[in-house]
Amino acid sequence: MSDSEPAAKPQPQVSHRGRSAAPIATSNADGEKVPEFEPFGLMPRGPPPLQEFLDIWDVNMLRKPDEINKRQHTTHLYATDNLIVRRGQEFQLKVTFDRPYKPSDDQFAVEFVIGGSPQFSKGTYIPVSVASDRQSPWAGRVVESADNVVTVGITPAPDCIVGKWRTYVAVVTPYGIRRTRQDESRDVYILFNPWAAADSVFLDDGNEREECVLNEVGVIYHGAFDDVSERPWNFGQFDYGVLDACLFIMDKAAMPITNRGDPIKVARKASAMLNSRDDDGVLVGSWSGDYTYGVAPTSWTGSTEILLNYSSSKMPVCYAQCWVYAAVFNTFLRCLGIPARVVTNFFSSHDNDGNLKTDIILDENGRIDKQRTKDSIWNYHCWNECYMSRPDLPQGFGGWQAVDATPQETSDGMYRCGPASVQAIKHGQICFPFDAPFVFAEVNSDVVFYSRNPRDGTLEPVKVNSSHVGRMVVTKAPGQDTRRDITDQYKFPEGSPEERTVLEKVTLPEADVELNMPLIEVRVGDDFELKLEFNNKSGQARTGEMYVSGNVVYYTGVTSSEFLFKTPKVTLDPMKAEKKVIQVRSQDYMRKLVEQANLHFIATGKVKETGQIVTAMRVVTLHNPKLSVQVSGLAKVSEEMFVTVEFTNPFKFNLEDVYIRVEGPGVMPPKYKHYSLILAGSSLNWTESFTPRREGPTKLMASLDCAALRQVYGQTQLTVKP
């Protein structure tokens with residue numbers, strides 16, 4: 001993978017002429033003018049005599065947050081004046097006529113239109129009649145009729161197109177159809193409905209649904225499986241402009257309007273559109289460390305700024321890495337009503353050749369051959385899961401589906417991945433669409449150490465670690481800020497009969513000398529001790545020469561530079577354990593650090609008496625200082641408050657070109673401040689005002705970012721009163 005993605009080539013525009021009578025509707029923003037009067041056949045001269053027929057005075061969409069529709073459809077959190085409802089569930093509107101409605105004499109319908117060239121047969125033009133003798137794809141009824149006001153109940157089909165629909169009320173007269181003129185305030189957004197049993201995204205578990213659709217504040221996990229770090233994130237799916245930005249993403253992809261009711265197609269299209277590799281999608285990926293022309297991936301605190309930048313500029317936003325892709329994808333899915341969560345896989349294999357093995361080549365003495373070792377294991381990798389039925393797969397493969405927007409490999413010619421059934425991955429059924437083999441390899445590869453014969457170049461497997469890759473898969477637990485281990489949803493327990501059925505493992509005889517490098521927690525800038533623990537399980541003495549290499553690595557497992565190399569000799573008595581300690585000095589690694597501050601130690605060696613290879617690997621995630629985030633003022637809707645972000649530079653060097661960001665869903669839009677210099681040992685204090693726009697519990701989260709120090713975060717909770 002290149003350090004940053006190349007710009008996408010403009011796609012040639014292909015005409016529909018000769019292939020279809022009209023272009024395929026691919027934009028929710030398009031719309032043809034619907035006539036206010038549509039005559040039946042020839043008309044006499046002059047305006048038609050319509051005085052004695054029903055006339056429409058007003059249409060009330062009942063679109064306010066405290067009115068019936070948004071409360072019943074759980075859409076009251078969206079920051080938009082328009083009505084937002086979920087399909088497969090009734091909503092109401094009130095029509096005021098010029099006189100009382102007479103069901104025996106009067107005929108009227110509520111019409112819904114989406115995209116250009118609307119057609120009844122395509123499901124893009126839906127007339128809903130309240131008369132029982134008239135069939136419609138969507139159900140309609142008169143809920144109440146009082147004086148001149150008729151309350152109409154409308155139930156969109158549970159598989160209808162998701163997007164922004166234009167609404168008209170039409171009255172049938174002997175001369176033609178008279179209808180209301182177009183009014184944007186009557187446009188209605190129709191979303192997927194995980195509360196409706198007939199919708200393909202229906203999720204029965206209430207706690208899971210609350211978390212994966214309605215929660216705006218996420219926790220994204222990173223670091224190492226036994227030293228997990230947390231990164232707060234504002235998904236912001238209800239923020240102003242975010243829903244329109246999500247619809248724009250599908251428009252930019254030229255996704256046919258008629259496909260937008262199918263969550264499988266929507267998730268797959270979005271997995272391609274969230275990266276910019278081949279379609280001018282939302283985010284440009286960069287792993288280079290040079291973010292001069294954009295925002296460093298570690299600096300973002302939420303999705304809102306990214307999505308609004310993209311929809312306003314119509315250009316890809318710089319820059320992202322895997323957790324940014326996953327977080328913004330999560331916002332897209334939740335915003336449209338598809339239950340979604342971000343998952344993190346610790347030790348994630350990038351299996352380029354698809355052989356389910358990560359190959360590490362050793363020379364004849366047991367030392368790593370860096371020239372010939374090409375495979376990499378990401379310290380962690382984030383992707384998404386979305387919840388939906390899979391009528392295209394055998395029964396039992398619905399539910400959670402893995403989707404990944406990080407551009408790693410192409411699928412059907414585009415950089416995208418999924419949706420792949422998690423249940424199918426667990427059972428090794430990887431022939432089903434989409435991209436299950438790639439996800440299967442990310443959690444199931446063996447790490448195989450090969451000894452290379454210097455004379456003929458042949459490779460002989462000498463050690464296998466079958467539990468290193470996919471060590472732990474986690475996501476945020478519903479309703480609380482703790483993590484949940486979901487490894488068992490991707491794979492059977494290591495060594496179980498089911499696991500052996502799913503995987504053909506490479507097996508080698510067990511070595512009688514074990515090596516372990518225990519966990520150590522280290523702060524950035526600290527000296528520390530690296531311990532090597534040997535255990536001789538045999539009845540004879542064992543000796544060996546070890547090679548211990550310490551490398552600064554990117555979180556993708558790619559080495560930046562080696563800062564330590566030691567060759568300790570070890571002598572082990574029969575049935576005894578022995579420790580070796582290696583001193584690691586901060587001055588050796590600090591100047592070579594790259595973002596995310598990962599140190600990777602690998603120890604390899606050969607037992608002299610048996611020729612067996614012993615190996616151990618350890619990722620040390622250096623812990624960064626924290627930001628202090630505090631709020632002051634009365635926590636009430638529309639009352640001014642203040643947030644103060646504080647930071648002290650604990651290092652003996654200056655920090656230059658520093659950006660601080662802060663935001664909070666429902667209370668504070670994204671804001672940032674630039675500091676050209678923070679002197680060694682000095683502190684900064686930034687206070688910014690904000691005005692909460694809605695009540696309830698929420699969080700403010702902040703990040704500090706510069707080239708010398710990344711991933712510095714802080715957050716605080718507050719509850720806003722009405």
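**Entry 1: cavities**

I searched the whole of this predicted model for enclosed empty space and found four cavities of 30 Å³ or more. I recalled that rolling a probe the size of a water molecule over the atoms shows where empty space is left.

I turned to the largest cavity, whose volume is about 80 Å³. Which elements each supply at least two residues of its lining? I noted α2 (206-214), β12 (217-224), α6, β16 (340-350) and β25 (472-476). Helix α2 gives the most, with three residues. The residues that line this cavity include Glu208, Glu211 and Cys212, and also Asn330, Arg334 and Arg341. I sorted the lining of the largest cavity by class and obtained four nonpolar, three polar and five charged residues.

The second largest cavity has a volume of about 60 Å³. Among the residues of its lining I listed Val513, Phe534, Met546, Val570, Leu572 and Val614. Two or more residues of this lining come from each of β30 (542-553), β32 (569-572) and β34 (598-607). Strand β30 provides the largest share, four residues. By class, the lining of the second largest cavity divides into seven nonpolar, two polar and two charged residues.

**Entry 2: strand β27**

Val513, which lines the second largest cavity, led me to strand β27 (residues 513-516). I asked which side chains of β27 point to one face and are buried. They are those of Val513 and Leu515, whereas Glu514 and Asn516 point to the other face and are not buried. I noted the general rule that in a regular strand the side chains alternate between the two faces of the sheet.

I then looked up the partner of this strand. β27 runs antiparallel to strand β29 (residues 528-536), and four bridges join the two. Opposite Val513 stands Asn536 in β29.

**Entry 3: nonpolar cores**

In soluble globular proteins, nonpolar side chains tend to be buried together. I therefore looked for such groups here, in keeping with that tendency. The largest nonpolar core has 68 residues, and the members that touch the most others are Leu283, Trp323, Val324, Phe332, Leu333 and Leu336. Helix α6 (residues 322-336) contributes the largest share of this core, twelve residues. Another core, of 58 residues, lies apart from it and includes Val570, Val584, Leu622 and Val667. I recorded that helix α6 also supplies at least two residues of the lining of the largest cavity, and that Val570 also lines the second largest cavity.

**Entry 4: cysteines**

I searched the whole structure for disulfides and found zero. Why is Cys318 without a bond? The closest cysteine sulfur, in Cys322, is 17 Å from that of Cys318, which is too far for a bond. Cys318 is partly exposed, because its relative accessible area of 22% is not under the 20% limit for a buried residue.

Cys431 is in no disulfide either, as the nearest cysteine sulfur, that of Cys417, is 16 Å away. Is Cys431 buried or exposed? With a relative accessible area of 65%, Cys431 is exposed, since the term applies over 50%.

**Entry 5: Ile360**

Finally I looked up Ile360, which is placed in strand β17 (residues 357-362). Its relative accessible area is 9%, so Ile360 is buried. I also compared its position with that of Trp57: the two residues are 303 residues apart in sequence and 76 Å apart in space, from C-alpha to C-alpha.

Methods: Residues numbered from 1 in each chain as written. Predicted model: local features only at pLDDT ≥ 70, side-chain atom pairs only at ≥ 80, totals over all residues. Heavy atoms only, no water. Core = buried A, V, L, I, M, F, W, Y, C linked by side-chain atoms within 4.5 Å. Buried < 20%, exposed > 50% of the residue type's maximum accessible area, 1.4 Å probe, protein only. Pairing = 2+ DSSP bridges. 1 Å grid on protein atoms, 1.4 Å probe; cavity = no way out; pocket = protein on both sides within 12 Å on 5 of 7 lines; lining within 4 Å. Points joined across faces, edges and corners; volume = space filled by probe spheres on them. Nonpolar A, V, L, I, M, F, W, Y, C, P; charged D, E, K, R; others polar. Disulfide = S-S within 2.5 Å.
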